[in-house]
Every structure is written in structure tokens, then in C-alpha cells.
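Q: Please take a close look at the salt bridges in this structure, and at what surrounds the charged side chains. I would like one connected account rather than a list.

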Amino acid sequence: MAQSALVQASAVAIDGKALLIEGEPGNGKSSLALALIERGAQLIGDDGVELIREDERIIAAPPPNTAGKLEIRGIGIVDMPATTAQLSLILTLEETAERFRETADVREVLGVSIPTIPFVPGSIAPAERALWALRTYG
């Protein structure tokens, strides 16, 4: 039987890699996901993502009850296609994080090591910085 967990986070797929975006409510998870979707990413889940262990990898999938739903602040909940992908990086949205880093932290997720970095969404190119984080550490 596969191990799985439902986490309160948002996730998108970029070039077949899942980027999990976690943080406190109101920190910008959905907004960052939307900015990445506008740049070609695909929605996995918004404010809820199912993580499933398959062998030595973690698959990020949309939870059945909210699959294909994304909340856009001030607009409402919109429908869009959703996908699944292998979890490659976790961004933890924080108000403060190191300006420069050489390596990612590592977190065990269902027994699999996943790179994790703190990330300040801010107003300076957050989607582009998130893409570079995935390219560099994911």
C-alpha cells in the first residue's frame, strides 16, 4: 500500500517537476502559483496537495475534492486543468530568508529526501526567482 499525505500547500508542475509552495495563510502561495502558471507551469493543487510515495520518489497530485481549482485573490475560484508530477523542490514562503545560498536544505517527506529552501516572494520577480530555484536545486 502506497504511503500518502495531504498537505496544506500549493503546487505547480514545470517541465515535469513539481514545485511545492508552502507557507502561512495569506503569504502568497496561490499568487506565486498563478504567476508561474502564466509562465507555462501547470496547476497541481491550490491550498491542498496530495503527496504519494512511489518507490523512492514522491508524486504531487491534486486532491480529488479540489482538483482543477485555483483561488485568485479578489476574483474567486477559477477552473483550470490539473496534473501530477514528481516532487522536486519545496519553497517555504517566509518574510525573511538568506539573500544568498549555496545549497538547499533537505527535508524528509514520506521517507524521501526533498530539497527545500526558504523563499521571500516579495515584489522583485518572484516567479522568475522560483523558476531559477527549481532549476538550481530541484
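**Charged side chains and their surroundings**

A: The structure holds 5 salt bridges, and this is a predicted model, so each distance below is a property of the prediction. One of the pairs joins arginine 107 to glutamate 22, whose side chains meet with a nitrogen-to-oxygen distance of 2.6 Å. This pair links distant parts of the chain, since arginine 107 belongs to strand β10 (residues 105–109) and glutamate 22 to strand β3, 85 residues apart. The two partners also fall into separate accessibility classes: arginine 107 counts as partly exposed, at 31% relative accessibility, whereas glutamate 22 is buried, with a relative accessible area of 16%.

Another salt bridge brings together the side chains of lysine 69 and aspartate 79, at 2.5 Å from N to O. Because lysine 69 lies in strand β7 and aspartate 79 in strand β8 (residues 76–79), this pair ties together parts that are 10 residues apart in sequence. Here lysine 69 counts as partly exposed, at 34% relative accessibility, while aspartate 79, at 59%, counts as exposed. A further pair consists of arginine 57 and glutamate 54, which meet at 3.2 Å, N to O; arginine 57 is partly exposed at 35% relative accessibility, and glutamate 54 is likewise partly exposed at 35%.

Aspartate 46, found in the loop between β4 (42–45) and β5 (49–54), offers a contrasting case, for aspartate 46 is buried yet has no salt bridge, and the nearest side chain of opposite charge, that of lysine 29, is 7.4 Å away. A polar atom of the aspartate 46 side chain does, however, lie 2.8 Å from the backbone nitrogen of glutamate 71. Beyond its neighbours within four places in sequence, aspartate 46 is in contact with Ala9, Ser10, Ser30, Lys69, Leu70 and Glu71, so that Lys69, the partner of aspartate 79 in a salt bridge, also appears among the contacts of aspartate 46.

Lysine 29 and Ser30 lead on to helix α1 (residues 29–37), of which 8 of the 9 residues are buried, including Lys29, Ser30, Leu32 and Leu36. Leu32 and Leu36 are in turn among the residues with the most contacts inside the largest nonpolar core, which has 25 residues. To this core α1, β3 and β7 are among the elements that each supply at least two residues. The elements carrying glutamate 22 and lysine 69 therefore also contribute to that core.

Key. Residues are numbered from 1 along each chain as its sequence is written. This is a predicted model: local features need pLDDT of at least 70, side-chain atom pairs count only at pLDDT 80 or more; totals for chains, interfaces and linings use all residues. Side-chain values use heavy atoms; hydrogens and water are left out. Buried means under 20% relative accessible area, exposed over 50%, partly exposed in between (1.4 Å probe, protein chains only). Helices (H or I, at least four residues) and strands (E, at least two) are DSSP runs, numbered from the N terminus. Lys and Arg count as positive and Asp and Glu as negative; His and the chain ends are not counted. A salt bridge is a side-chain nitrogen of Lys or Arg within 4 Å of a carboxyl oxygen of Asp or Glu. A polar contact is a pair of N or O atoms within 3.5 Å; within protein, one must be able to donate a hydrogen and the other to accept it, and residues adjacent in sequence count only if both atoms are side-chain atoms. Contact means heavy atoms within 4.5 Å. A nonpolar core is a set of buried Ala, Val, Leu, Ile, Met, Phe, Trp, Tyr and Cys residues joined through side-chain atoms within 4.5 Å.
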